[in-house]
Amino acid sequence: MKRPKILIVDDQQINRLLLRKLLKEYTIIEASNGEAALRLAIAKKPDLIILDIIMPKPDGYSVLSTLKSNPATWLIPVILVSTLQGLDEKIKSLENGADDFISKPFNPLELKARVKSLLRIKKLQEELVMVQHIVVSLATAMEAKDDYSANHSLRTSYYAGKLAKRLMLSDSEQKHIRVAGFLHDLGKIGIKDRILCKPAALSEDEFEVIKSHPLIGEKICSSISAFAPILPIIRHHHERFDGKGYPDGLKGTAIPLGARIMAIADAYDALTTDRSYRKAYSKSTAWEILHRNEGPQWDPELVKIFCQMLKEEDFLIHHDFASPTLLLLAEG
Ligand SMILES: [Fe+2]
Ligand SMILES: [Fe+2]
């Protein structure tokens, strides 16, 4: 097994030597100032950083905040080290995103135990990220089977995220809605291709099969705890405001807000992309169709806000915009 790599950041060589000695079972890299630390954190991808607070500029706090705001480094656990013993110092460190805090002089056993525990958490977190990547890859692979649905989830996530932002939902609600946008149709993976990709109209029986996809998607995602907040959005994205949707026939505001948002984003994308049986509608035709069907199908208040947004904003989708895994992890 690969030896975990630890970056020690301290301007005092004697302190770096001491830590190196204490942690000799690990691969150690060293930085004597904040700038070098930030460079090495990106270049060497350490599994843990032990960071002294008091250093010439940038000090430990500003190195910490740069590390925790950069997606390339925000997952690396950081132990802040200080000679200051006060509780204030400790609280400030943890509030700034430190994963642990330790005072000098070290108790060697305590330091080793904390290092070990953070490395274990980091490993579990990496495994969780991998599982989330696999699920997202499945969703992407499923869409790629059909020319008409390619990138549908990416666009739905984008539109739903814009609407959630317009509604001034909290950062974490916005993130959940964007992640749910990526995964809302994941359950289609459990539907046979001959039905899913059928170029003609579906029979009643076939449509019944299609209707199972929100439940299949919910089931797949329910095994991953990070996806818990998005399960109701996946399950209910085909409910209708008049109660005639599926799977539960929920009506009006009994439908979770995220699912009402998703239903509009989902429909807008379907309207503005080519289908096997028609060409994509223009933005203004899609606007009219959404307006005509508000109330029976979609939440009228949300349709109004969405349509206002269509009038005022250009939609620019970057296909590399943040992956759902990163969005979830950004929550801290
Ligand atoms: Fe769907
Ligand atoms: Fe969809």
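Student: So the expected span of a helix is 1.5 Å times one less than its number of residues. What does that give for helix 5?

Tutor: Keep in mind that this is a predicted model. Helix 5 covers residues 108-144, 37 residues, and the expected figure is 54 Å. From first C-alpha to last, helix 5 reaches 53 Å, close to that.

Student: Which residues are buried in helix 5?

Tutor: Arg114, Val115, Leu118, Gln132, Val135, Ala139, Met142 and Glu143.

Student: OK, zooming out. How many helices and strands does the protein chain have?

Tutor: 15 helices and five strands. The chain has 332 residues, of which 33% count as buried. Along the principal axes, its C-alpha atoms fill a box of roughly 75 × 40 × 30 Å.

Student: And what are the domains?

Tutor: Domain 1 runs over 5-125 and domain 2 over 145-329. Their C-alpha centres are 42 Å apart.

Student: Which residues have the most contacts inside the largest nonpolar core?

Tutor: Leu163, Leu183, Ile261 and Ile264, in a core of 35 residues. Helices 5, 6, 7, 11, 12 and 14 each put in at least two residues of this core. Helix 12 gives the largest share, with eight. There's also a second, separate core of 24 residues, with Leu51, Ile53, Ile76 and Ala98 among them.

Student: Back to helices. How far apart are the end C-alpha atoms of helix 14?

Tutor: They're 18 Å apart, which agrees with the 18 Å that its 13 residues should span at 1.5 Å a residue.

Student: Which of its residues are buried, then?

Tutor: In helix 14, those are Leu302, Val303 and Phe306. Looking down the axis of helix 14, the buried residues fall within an arc of 100 degrees, so they line one face of the helix.

Student: Why would spacing like that put residues on one side?

Tutor: An α-helix has 3.6 residues a turn, so residues three or four places apart point the same way.

Student: What's exposed on the other side of helix 14?

Tutor: Glu301, Gln308, Lys311 and Glu312.

Student: New topic: strands. In which sense do strand 1 and strand 2 pair, parallel or antiparallel?

Tutor: Parallel, over five bridges between residues 5-9 and residues 27-31. One detail to look up is Ile8, whose bridge partner in strand 2 is Glu30. With helix 1, residues 13-22, the two strands make a right-handed β-α-β unit.

Student: Now the backbone oddities. Which peptide bond near omega -5 degrees is cis?

Tutor: The one from Lys104 to Pro105. Pro105 sits in the loop between strand 5 and helix 5. Another cis bond joins Tyr246 and Pro247, with omega about 10 degrees, and Pro247 is in the loop between helix 11 and helix 12. For context, most peptide bonds are trans, and most residues other than glycine have a negative phi.

Student: So what is phi for Lys45?

Tutor: Near 45 degrees, a positive value in a residue other than glycine. Lys45 lies in the loop between helix 2 and strand 3. It counts as partly exposed because it has 13 C-beta neighbours inside 10 Å, and the exposed class stops at 12.

Student: And Met168, is that one buried or exposed?

Tutor: Met168 is exposed, with 8 other C-beta atoms within 10 Å. It has a positive phi too, about 60 degrees, without being a glycine. You'll find Met168 in the loop between helix 6 and helix 7.

Definitions and conventions
Residues are numbered from 1 along each chain as its sequence is written. Chains are lettered from A and ligands numbered from 1 in the order in which they are written. This is a predicted model: local features need pLDDT of at least 70, side-chain atom pairs count only at pLDDT 80 or more; totals for chains, interfaces and linings use all residues. Two strands pair if DSSP finds at least two bridges between them. Helices (H or I, at least four residues) and strands (E, at least two) are DSSP runs, numbered from the N terminus. A crossover is right-handed if, with the strands pointing away from the viewer, the path from the first strand over the helix to the second runs clockwise. A residue is buried if 20 or more other C-beta atoms lie within 10 Å of its own, exposed if 12 or fewer, and partly exposed in between; C-beta atoms are placed from the backbone. Domain bounds come from an automatic or database domain assignment. A nonpolar core is a set of buried Ala, Val, Leu, Ile, Met, Phe, Trp, Tyr and Cys residues joined through C-beta atoms within 7 Å. The arc is that of the directions from the helix axis to the C-beta atoms.
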